[in-house]
Amino acid sequence: MSNRMHDRDEFALSSLEVARSFDRAARSYDAAAVLQARVRDELLSRLVLVRLEPSLVVDLGCGTGAAASALHRRYRRSRVVSVDLSLSMLREAGRRRRPWRRFAGICADAVRLPFADASTDLVFSNLMLQWCADPDTVFRECARVLRPGGLLHFTSFGPDTLKELRSAWAAAAAYTHVNRFIDMHDLGDAMLRAGLAEPVMDVERYTLTYPDVGGLMRDLKAIGAHNVNAGRSRGLTGRYVIKRMTAAYENERREGRLPATFEVVFGQAWAPVAPQRPRAAAGETRIPVSRIGRRN
């Protein structure tokens, strides 16, 4: 088995297990999601630079509904539909609604969006993509449901996210403990493969600090960021392993605090007004039928 295939199996994610993790965290999420709120506000602020008057807005991976509420305020004439894999998160989002506003929420997987082709003007997604096993499929679905000229506007975590925790676990155990996060350039390529146009990508890095590694682990648990990788240990993690991980993380301590790095990828791309030709695979040449003929 190749290393690439091994990696793919090791980091495989189950939609069912992801949904269960966020179901359990729905009530505790908002109190612990400090970084998620900060990134959400930054992503929302970037919409100021975009000229868009959407009829239908989809908040993909809506969580407890904070972004949907802000999108309602920004686009008062638009219909905002909240979509999440977790039914419990959707219920929390429904509690945020104004008494006079009907809540539009759908429990669905991002790889099978319940919207018609070319029906949506804006897909907004904050820190959802890293929980999807196949970002290419998600981008294809976004491209499918967006109207020509519609916008995909999203964030995801990049490879340096939780690098300190990943290193500490690697020093303590052979099993996978931290998700694999996809590089900004690879996400940009995936959007192009999906038929989206004019991708714009950038990265910002955030560092949270904790008095001890237990504080970080409690926050991750409270937001639903459980280890659901296929390569995780199927048994309980022993005290000795946790002690070794904690000791390894202590090497990162600075000024009395332990850092936790988060690399946040900001991305956007447009549904093309003119049809886009599919990109040729590596080493493949595409020749129009009109150019094929018999040589005299």
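**Salt bridges and helix packing in the predicted model**

A total of 15 salt bridges was counted in the structure, which is a predicted model. Side chains of opposite charge can pair when their charged atoms come close. One such pair is formed by Arg46 and Asp202, whose side chains meet in a salt bridge with an N to O distance of 2.6 Å. This pair links distant parts of the chain, 156 residues apart: Arg46 belongs to the loop between α4 (34-45) and β1 (56-60), and Asp202 to strand β6 (residues 197-210). Arg46 has a relative accessible area of 19% and is classed as buried, because the limit for that class is under 20%. Asp202, with a relative accessible area of 26%, is partly exposed. The pair also takes part in a wider arrangement, as Glu42, Arg46, Asp202 and Glu204 are linked in a network of salt bridges.

Strand β6 contributes to a further pairing. The side chains of Glu263 and Arg205 meet in a salt bridge, at 3.7 Å from N to O. Glu263 is located in strand β7 (residues 258-270) and Arg205 in strand β6, so this salt bridge ties together parts of the chain that are 58 residues apart in sequence. The two partners fall into opposite accessibility classes: Glu263 is buried, at 5% relative accessibility, whereas Arg205 is exposed, with a relative accessible area of 53%.

A salt bridge is also found between Glu250 and Arg253, where the closest N and O atoms are 2.7 Å apart. Glu250 is partly exposed, its relative accessible area being 32%. Arg253 is likewise partly exposed, with a value of 26%.

The overall composition of the chain provides the setting for these pairs. Its secondary structure comprises 11 helices and seven strands. Of the 296 residues in the chain, 48% are buried. When contacts between residues at least 6 apart in sequence are considered, 81% of them join residues at least 24 apart.

Helix packing was examined next, beginning with α4 and helix α5 (residues 66-74). The axes of α4 and α5 are 11 Å apart and make an angle of about 25°. Since angles under 35 degrees count as roughly parallel, α4 and α5 are therefore assigned to that class. The crossing of α4 past α5 is right-handed. On the α4 side, the contact involves Arg40, Leu44 and Ser45; on the α5 side, it involves Ala66, Ala67, Ala70, Leu71 and Arg74. By class, the residues of this contact comprise five nonpolar, one polar and two charged.

Arg74, in helix α5, can be described further. This residue is partly exposed, at 36% relative accessibility. With neighbours within four places in sequence left aside, Arg74 is in contact with Leu44, Ser45, Leu47 and Val48. For one of these partners, Leu47, the C-alpha separation from Arg74 is 9.3 Å, with their positions 27 residues apart along the chain.

A second helix pair consists of helix α7 (residues 135-145) and helix α9 (residues 184-193), whose axes come within 8 Å and cross at roughly 45°. This angle makes α7 oblique to α9. The crossing of α7 and α9 is right-handed. Pro135, Asp136 and Phe139 of α7 make the contact with Leu187, Ala190, Met191 and Arg193 of α9. The contact of α7 with α9 contains five nonpolar and two charged residues, and no polar ones.

The third pair brings together helix α8 (residues 163-172) and helix α11 (residues 239-249). The axes of α8 and α11 come within 8 Å, and they cross at roughly 135°. By this angle, α8 is oblique to α11. The crossing of α8 and α11 is right-handed. From α8, the residues Glu164, Leu165, Ala168, Trp169, Ala171 and Ala172 take part, and they meet Val241, Ile242, Arg244, Met245, Ala248 and Tyr249 of α11. In the contact of α8 with α11, 10 residues are nonpolar and two are charged, with no polar residue present.

Note on methods
Residues numbered from 1 in each chain as written. Predicted model: local features only at pLDDT ≥ 70, side-chain atom pairs only at ≥ 80, totals over all residues. Heavy atoms only, no water. Salt bridge = Lys/Arg side-chain N within 4 Å of Asp/Glu carboxyl O. Helix = DSSP H or I, 4+ residues; strand = E, 2+ residues; numbered from the N terminus. Buried < 20%, exposed > 50% of the residue type's maximum accessible area, 1.4 Å probe, protein only. Axes fitted to C-alpha atoms, helices over the stretch in contact; angles between N-to-C directions. Parallel < 35°, antiparallel > 145°, perpendicular 65-115°, else oblique. Left-handed = near helix turned anticlockwise from the far one by under 90°. Contact = heavy atoms within 4.5 Å. Nonpolar A, V, L, I, M, F, W, Y, C, P; charged D, E, K, R; others polar.
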